[in-house]
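Visitor: Could you take me on a close look at the empty spaces inside this protein, and then at how the helices pack? I would enjoy one connected account.

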Amino acid sequence: MIIRGGTVVDTDPVRVAVADVLVDNGRIVAVGTDLPHTADEILDATGMLVLPGFVDTHRHTWQAGLRATGADISLGLYLDIVTNRVGPRYQPTDVYLGTLAGALECLDAGITTVVDWNHIQHTPEHTAAALDALRTAGIRAVFGYCVQNPDVGAARKVQAATSELVTMAMAPRGPEIVGDDEALGEWLVARELGLAVTVHMGGHGRESATRGLDFLRRNNLLGPRTSYAHGNDYSGDQLRLIADSGGAIAVSPIVEMDLGIGAPVTARAKNAGVPTGLGADAVISGPGDMFSLMRADYAYARLEDDTFTTRDALRAATVVGARVADLDALGTLAPGSHADLVLLRTDLPGVAPVHDPVASVVLSMDTRAVDTVIVGGRVVKRSGRLAADVTTLLTELATSAARVTATA
């Protein structure tokens with residue numbers, strides 16, 4: 001595949017140029033102006049921006065059918081809805097429909113990679129349904145394995161069911177939620193299977209944040225390949241401790257502020273040297289597109305540190321997000337990187353004219369601009385339309401949502 005004539009926006013470092021992109025066997029081969037003239041497929045990107053696909057570092061993808069049911073609520077009420085009211089009603093079919101719709105929503109918005117923190121795995125059948133949905137969608141995903149008292153044998157079977165596009169991480173409930181023995185068991189399963197860890201920590205108050213990090217330190221669990229979702233309550237010293245350990249933070253700026261979890265930690269984390277990515281978290285209480293997340297995060301970070309730039313916001317949504325997700329060769333246009341790409345229109349009201357492509361992506365664009373999306377060299381959205389047929393899916397999702405939310 002050759003993508004011709006677009007304005008190429010790379011991220012590491014951030015740079016902009018009119019160039020072609022050559023893709024072969026799912027990888028970027030070259031970016032330049034003297035590339036071959038023929039290919040199996042030629043995409044005309046004239047008048048578009050070509051950039052790496054967005055990386056969502058923290059999302060409960062299965063909740064797509066619960067969209068906006070949790071406006072104007074607290075974190076406590078959100079947890080009550082998910083844990084006590086609606087979540088227990090989910091059957092494997094509901095998990096499949098919600099996860100598939102959520103993954104396609106990501107692709108439609110230019111999010112080519114999602115860390116799916118999947119805490120709806122009531123049974124192995126629920127787990128299988130979620131994995132099946134991610135594979136069917138064609139998105140690149142890190143499947144967060146979250147079960148009570150995980151067993152190495154069961155987790156190994158899930159790991160065996162993953163693929164090149166859908167990999168696995170441990171999603172422990174963690175020491176701020178469960179007891180020390182159970183939390184330690186979760187981490188030991190991750191270590192036994194060589195899994196990265198993505199965990200909700202640092203968003204439950206200062207005392208809880210301190211207690212959780214102390215637990216990790218005492219048990220020699222602080223280390224790389226660990227992503228802390230939220231992290232709002234960490235002090236500067238605690239953020240530096242995470243940075244020194246090689247950890248990262250997944251910030252969900254809108255949901256964190258909506259649910260009263262706390263102020264996004266992006267600027268403080270950046271200054272402490274902690275890689276920080278962005279995540280939609282829960283569309284129950286916030287939007288699911290990266291444009292909204294970049295804008296919200298940029299605006300709040302600028303309040304705390306006026307050296308935070310639109311380039312920082314774009315990197316959080318791409319190459320730094322890939323680091324947070326513990327994925328290599330992703331989020332940039334460097335040769336050898338996975339060909340996960342998004343082509344954005346610049347000829348729209350509210351977008352045109354484009355003077356600074358990076359600033360336009362962060363400040364001016366929305367999902368209307370997403371013309372073409374490519375994952376692993378495969379086009380999943382073309383000329384503004386997903387390749388998947390979503391009509392039947394959305395009808396089935398609505399039926400599922402009506403059932404699980406009835407009198408909730």
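Guide: Happily. In this predicted model, the second largest cavity is lined by Arg 59, His 60, Thr 61, Ala 64, Gly 102, Glu 105, Asp 281, Ala 282 and Val 283. The space they enclose has a volume of about 40 Å³. By class, this lining splits into three nonpolar, three polar and three charged residues.

In total, the structure holds two cavities of 30 Å³ or more. The largest cavity has a volume of about 100 Å³. Its lining takes in 14 residues, and those nearest the centre are Val 197, Ser 227, Val 324, Ala 325 and Asp 326. Three elements each give two or more residues to this lining: β10 (197–201), β11 (226–230) and α12 (319–324). Sorted by class, the lining of the largest cavity has seven nonpolar, four polar and three charged residues.

Now for the open space. The largest pocket contains about 760 Å³. It is lined by 29 residues, with Thr 83, Trp 117, His 119, Cys 146 and Arg 173 closest to its centre. Helix α1, residues 75–85, gives the most to this lining, namely five residues. Across the lining of the largest pocket there are 16 nonpolar, eleven polar and two charged residues.

From here, let us turn to the helices, beginning with one that brings us back to the second largest cavity. Helix α2 spans residues 92–108, and Gly 102 and Glu 105 are among the residues lining that cavity. The axis of α2 comes within 8 Å of the axis of helix α3 (residues 124–137), and the two cross at roughly 30°. Because angles under 35 degrees count as roughly parallel, α2 is roughly parallel to α3. Their crossing is right-handed. On the α2 side, the contact is made by Pro 92, Val 95, Tyr 96, Thr 99, Leu 100, Ala 103, Leu 104 and Leu 107. The partners in α3 are Glu 125, His 126, Ala 129, Ala 130, Asp 132, Ala 133, Leu 134, Thr 136 and Ala 137. Taken by class, the contact of α2 with α3 has twelve nonpolar, three polar and two charged residues.

Further along the chain, helix α6 (residues 206–218) takes part in two packings. With helix α5 (residues 180–193), α6 packs at an angle of about 60°, the axes being 11 Å apart. The pair is therefore oblique, and the crossing is right-handed. Asp 180, Ala 183, Leu 184 and Trp 187 of α5 make the contact with Phe 215, Leu 216 and Arg 218 of α6. Five of the residues in this contact are nonpolar, none is polar and two are charged.

With helix α7 (residues 236–245), α6 packs at about 30°, and here the axes lie 12 Å apart. That makes α6 roughly parallel to α7. This time the crossing is left-handed. Ala 209, Thr 210, Leu 213 and Arg 217 are the residues of α6 that meet Gln 238, Leu 241 and Ile 242 of α7. The contact of α6 with α7 counts four nonpolar, two polar and one charged residues.

Technical notes. Residues are numbered from 1 along each chain as its sequence is written. This is a predicted model: local features need pLDDT of at least 70, side-chain atom pairs count only at pLDDT 80 or more; totals for chains, interfaces and linings use all residues. Side-chain values use heavy atoms; hydrogens and water are left out. Axes are lines fitted to C-alpha atoms, for helices over the stretch in contact, and angles run from 0 to 180 degrees between N-to-C directions. Helices (H or I, at least four residues) and strands (E, at least two) are DSSP runs, numbered from the N terminus. Angles under 35 degrees count as roughly parallel, over 145 as roughly antiparallel, 65 to 115 as roughly perpendicular and the rest as oblique. A crossing is left-handed if the near helix is turned anticlockwise from the far one by less than a right angle, and right-handed if clockwise. Contact means heavy atoms within 4.5 Å. Ala, Val, Leu, Ile, Met, Phe, Trp, Tyr, Cys and Pro count as nonpolar, Asp, Glu, Lys and Arg as charged, and the others, Gly among them, as polar. On a 1 Å grid over the protein atoms alone, a cavity is a set of points where a 1.4 Å probe fits but cannot get out, and a pocket is an open set with protein on both sides within 12 Å along at least five of seven lines; lining residues have an atom within 4 Å of a point. Grid points are joined across faces, edges and corners, and a volume is the space filled by probe spheres set on the points.
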